[in-house]
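Reader: I am new to reading protein structures. Could we go through one together, starting from a single side chain?

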Amino acid sequence: MIEVLKHPIYARLFSAQVIALIGTGLLTVALGLLAYDLAGERAGVVLGTVFAIKMIAYVGLAPVANALAGRWPRKRVLIGADLVRAAVALSLPFIDSVWHIYGLIFVLQAASATFTPAFQAVIPDILPDERDYTRALSLSRLAYDLENLLSPALAGFLLIFISYHWLFGGTVLGFIGSALLVLAAPIPALKPQAKMRPFLDRLTRGIRIYVATPRLRGLLSLNLSAAAAGAFVLVNTVVVVRGEYGMGDRQVAYALAAFGGGSMLAALVLPRLLDRLTDRRIMVTAGFLLAGLTLGHAVYQFTLGLPGWGWFLALWALSGLFYAAILTPSGRLLRNSAHAEDRPSLFAAQFTLSHLCWLMTYPVAGWAGNALGLPVAMAILGTIALAGALLAVAAWPADDSQVVEHEHRDLPPDHPHLRDHPVAGTRHRHVFVIDDEHRAWPTHG
């Protein structure tokens, strides 16, 4: 896996991702403690609202940002978004009202909705080999896990010596460091398209490709499973640890680190598994296991109460393992489901639709947890996760193949596509993706 870092451009971009995510991890811990200071036992409601605002920004702005920024230099887009995020993080320690949190988080996440899809779409252009790209996805998953593992551990150590307000300073440094590394990386420009598409076409193109592709409809269902279980962890860990177990700030960090540790383990073993097993088999299995674990934990709390602290950490680690097994291979599905010029739009669509799932589940985790109790909220979210896994089985064919036999009744015989891919009878076969010549997925029979 590590050999992919020998690629100099990817190594710089990966370093930028790591530094920014360490800062984001510090922000997650600091924001949870700030919410607890401002709202006390209602911190779960505040964090649920914060995460819902984050998802609203992601869902509403990612396609717009991609459509507007599609003609701008990608390096400038990435650096500008990092600088905006640094400015917002610099302001957070000075607020004294919950609504200030809401406003600043919206601005910060609007910048992230611009940065993240653009960053993800750059990587396939830098690493065209599928094995390299698969390993880059696992390394990327490891980088995201730094937000849940090393960052909370670092936060727990720093909290021995400093107030949590100083953790926001680490976030600022992370975003500035990311901007400097992106500045130093020679990012390839997008190849010009044969025709300039209208704004509305650019705005909706990625989502149209996404919903017309069966494997991506399955991915969306599994995104719902991951979001359901993950929302409970991210929103209610601080409430469970401080309110139910009666522990302190460092134990909150340790619990988040356990979730990140399980996710990191999945990222380490997935490249070899993906060489032997299909994406669908791994992702769907992980979806059912994650749903079963969440529902089982809820049933245990209903009947026997809180598990021991060690068991709780183990449950969080297993949740992280199954969560990452769902999400890590998703980049491979996106890469194989569009032409290079459509990948930025498709990655933006994945960003939007996956975070729509989080928008649905974050309020359940926060508000249902506060109004109905944490075990009820966990049971509701576990049921949603199970529904997502079942929908994925129905939407994503088990015999999914990149090469698909189909016909073109709407194209004239001298069309360039038919010259490039000769027809035998009325049908032909090639790697199939949704584009201008293929607007719907072929059906059997």
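Author: Certainly. Please note that this is a predicted model. Let us begin with Phe312, which has a relative accessible area of 1% and is therefore buried.

Reader: Where is Phe312 in the chain, and which parts does its pair with Tyr245 tie together?

Author: Phe312 belongs to helix H12 (residues 309-327), whereas Tyr245 is in the loop between H9 and helix H10 (249-276), so their pair joins parts 67 residues apart in sequence.

Reader: Is Tyr245 buried or exposed?

Author: Tyr245 counts as buried, because its relative accessibility is 18% and the cut-off for buried is under 20%.

Reader: Which residues do ring pairs link into a cluster?

Author: The cluster consists of Phe232, Tyr245, Trp309, Phe312 and Trp316.

Reader: Now the core. Which residues touch the most other members of the largest nonpolar core?

Author: That core has 120 residues, and those touching the most other members are Tyr10, Leu13, Ile123, Tyr210 and Trp316. Helix H9 (residues 214-244) gives the most to this core, with 16 residues.

Reader: What is Leu13 in contact with, beyond its neighbours within four places in sequence?

Author: Those contacts are Phe119, Val122, Ile123, Ile126, Val182, Ala185 and Ile187.

Reader: And on the surface, which residues make the nonpolar patch?

Author: Leu154, Phe157, Ile160, Phe161, Ile162 and Trp166 form a nonpolar surface patch of about 660 Å². Ile162 is located in the loop between helix H6 (150-158) and helix H7 (167-184).

Reader: Why is Ile162 called partly exposed?

Author: Its relative accessible area is 32%, and partly exposed covers values between the 20% and 50% cut-offs.

How values were computed
Residues are numbered from 1 along each chain as its sequence is written. This is a predicted model: local features need pLDDT of at least 70, side-chain atom pairs count only at pLDDT 80 or more; totals for chains, interfaces and linings use all residues. Side-chain values use heavy atoms; hydrogens and water are left out. Patches are made of residues with over 30% relative accessible area and no salt bridge: like charges are joined within 9 Å, nonpolar side chains (Val, Leu, Ile, Met, Phe, Trp, Tyr) within 5 Å. Accessible areas come from the Shrake-Rupley method with a 1.4 Å probe; for residues, only the protein chains shown count as cover. A salt bridge is a side-chain nitrogen of Lys or Arg within 4 Å of a carboxyl oxygen of Asp or Glu. Helices (H or I, at least four residues) and strands (E, at least two) are DSSP runs, numbered from the N terminus. Buried means under 20% relative accessible area, exposed over 50%, partly exposed in between (1.4 Å probe, protein chains only). A nonpolar core is a set of buried Ala, Val, Leu, Ile, Met, Phe, Trp, Tyr and Cys residues joined through side-chain atoms within 4.5 Å. Contact means heavy atoms within 4.5 Å. Rings of Phe, Tyr and Trp (its six-membered ring) pair if their centres lie within 6.5 Å; planes under 30 degrees apart count as stacked, over 60 as edge-to-face and the rest as tilted.
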